[in-house]
Amino acid sequence: MRLDRRLSELALGTRKEVQEIVRRGRVQVNGVSVRDSGMHTEDTDVLCVDGKVLDARRERHIMLNKPEGVLTAARDKKQRTVMDLLEPVHASLSCMPVGRLDRDTTGLLLFTTDGELSHRLLSPARHVDKVYRAVTDLPLSPADVEVFSAGMDLGDFVAAPAGLVIEDTHTATVTVHEGKFHQVRRMFEKVGKTVVKLDRIAFGPLTLDMALARGAWRELEDEEIRALYQHAGMEHE
Ligand code: URA
């Protein structure tokens, strides 16, 4: 890839801006100062700007602990989106959310630059488990567990059997492998309860890192990345 495109992709500026940075001799490729912003670069080249090595990886996988009140969208004219919680380089590399959480749902949201991985993890055929902790307005009962485990007709689709484990009167963990719009909230509505808090604690092989504050993110560890690719039935490296 051309050097200017690469630097721009790493969110160092527009194509024009990075061309100026290169022209001023601020960029080194593999330790050599360069002035030609059109030069070809390999993904393995070490890029420095002002003597600082850039993190030039084009593949990124991130776990965000999503806070309330933030949209899962690439951008929005008025409201804060999950992309605003990451670094500009993530949007620039198209490190995008895998699926969605409602504005007021908190917890684990995965981002990846790998479109195929994302597509597979979201495919209904793959049955990737999502685990939520839900707090309800009214007490939960063993009868609710039965209804969830039988599957339920939500009007526009029939939800597959879901696991409901009651933790205390108003709190339960729910495991679903589908991801329809407002699905978990709608399943609780069906048994006469309103979800007042919804937090995703697991997605496929990933569990929410409790050390992450709401709104904080971290890169996935190698082991987590391996597990995700395995879950998606894909080879990685
Ligand atoms: N189900 C919901 O109702 N909301 C979410 O954010 C995720 C699953």
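In this predicted model, a backbone N or O atom of Arg185 lies 3.0 Å from an oxygen atom of the ligand. Two further residues approach the ligand through their backbones: a backbone N or O atom of His182 sits 3.2 Å from a ligand oxygen, and a polar backbone atom of Gln183 is found 3.4 Å from an oxygen atom of the ligand. On its own the ligand has 240 Å² of accessible area, and the protein covers 95% of this. The surroundings of the ligand are made up of Leu101, Asp102, Thr105, Tyr132, His182, Gln183, Val184, Arg185 and Leu198.

Helix H4 offers a clear view of how a helix can be packed on one side. The helix spans residues 115–122, and Leu117, Ser118 and Leu121 are its buried members. Looking down the axis of H4, these buried residues fall within an arc of 100 degrees, so they line one face of the helix. The spacing fits a general rule: an α-helix has 3.6 residues a turn, so residues three or four places apart point the same way. On the face turned away from the buried side of H4, Gly115 and His119 are exposed. The cover over the buried residues of H4 comes from several elements, including strand S5 (61–66), strand S6 (96–97), strand S7 (105–112), strand S13 (195–203) and helix H7 (222–231). At the N-terminal end, H4 is capped by Asp114, which has a side-chain oxygen 3.0 Å from the backbone nitrogen of Glu116.

Strand S5, one of the elements that cover the buried residues of H4, also holds Asn65. With a relative accessibility of 4%, Asn65 counts as buried because the cut-off for a buried residue is under 20%. A polar atom of the Asn65 side chain nevertheless has a partner, with the backbone oxygen of Leu212 lying 2.9 Å away. Beyond its neighbours within four places in sequence, Asn65 is in contact with Gly107, Leu208, Leu212, Ala213, Arg214, Gly215 and Ala216.

Attention now turns to charged side chains. Side chains of opposite charge can pair when their charged atoms come close, and the structure holds 20 salt bridges. One of them joins the side chains of Asp4 and Arg15, with an N to O distance of 3.7 Å. This pair links distant parts of the chain, 11 residues apart: Asp4 belongs to helix H1 (residues 3–9) and Arg15 to helix H2 (residues 15–23). The two partners differ in their exposure: Asp4 is buried at 0% relative accessibility, whereas Arg15 is partly exposed at 36%.

Another group of charged residues is centred here on Arg57. The side chains of Arg57 and Asp55 meet in a salt bridge at 2.7 Å, N to O, and Arg57 also forms a salt bridge with Glu219, where the closest N and O atoms are 3.1 Å apart. The pair of Arg57 and Glu219 connects distant parts of the chain, 162 residues apart, with Arg57 in the loop between strand S4 (52–53) and S5 and Glu219 in strand S15 (residues 217–219). Partly exposed is the description that applies to Arg57 at 38% relative accessibility, to Asp55 at 41% and to Glu219 at 26%. Together with Arg60, the residues Asp55, Arg57 and Glu219 are linked in a network of salt bridges.

Key:
Residues are numbered from 1 along each chain as its sequence is written. This is a predicted model: local features need pLDDT of at least 70, side-chain atom pairs count only at pLDDT 80 or more; totals for chains, interfaces and linings use all residues. Side-chain values use heavy atoms; hydrogens and water are left out. Buried means under 20% relative accessible area, exposed over 50%, partly exposed in between (1.4 Å probe, protein chains only). Helices (H or I, at least four residues) and strands (E, at least two) are DSSP runs, numbered from the N terminus. The arc is that of the directions from the helix axis to the C-beta atoms. Contact means heavy atoms within 4.5 Å. A polar contact is a pair of N or O atoms within 3.5 Å; within protein, one must be able to donate a hydrogen and the other to accept it, and residues adjacent in sequence count only if both atoms are side-chain atoms. A residue is near a molecule or strand if one of its heavy atoms lies within 4 Å of it. Accessible areas come from the Shrake-Rupley method with a 1.4 Å probe; for residues, only the protein chains shown count as cover. A salt bridge is a side-chain nitrogen of Lys or Arg within 4 Å of a carboxyl oxygen of Asp or Glu.
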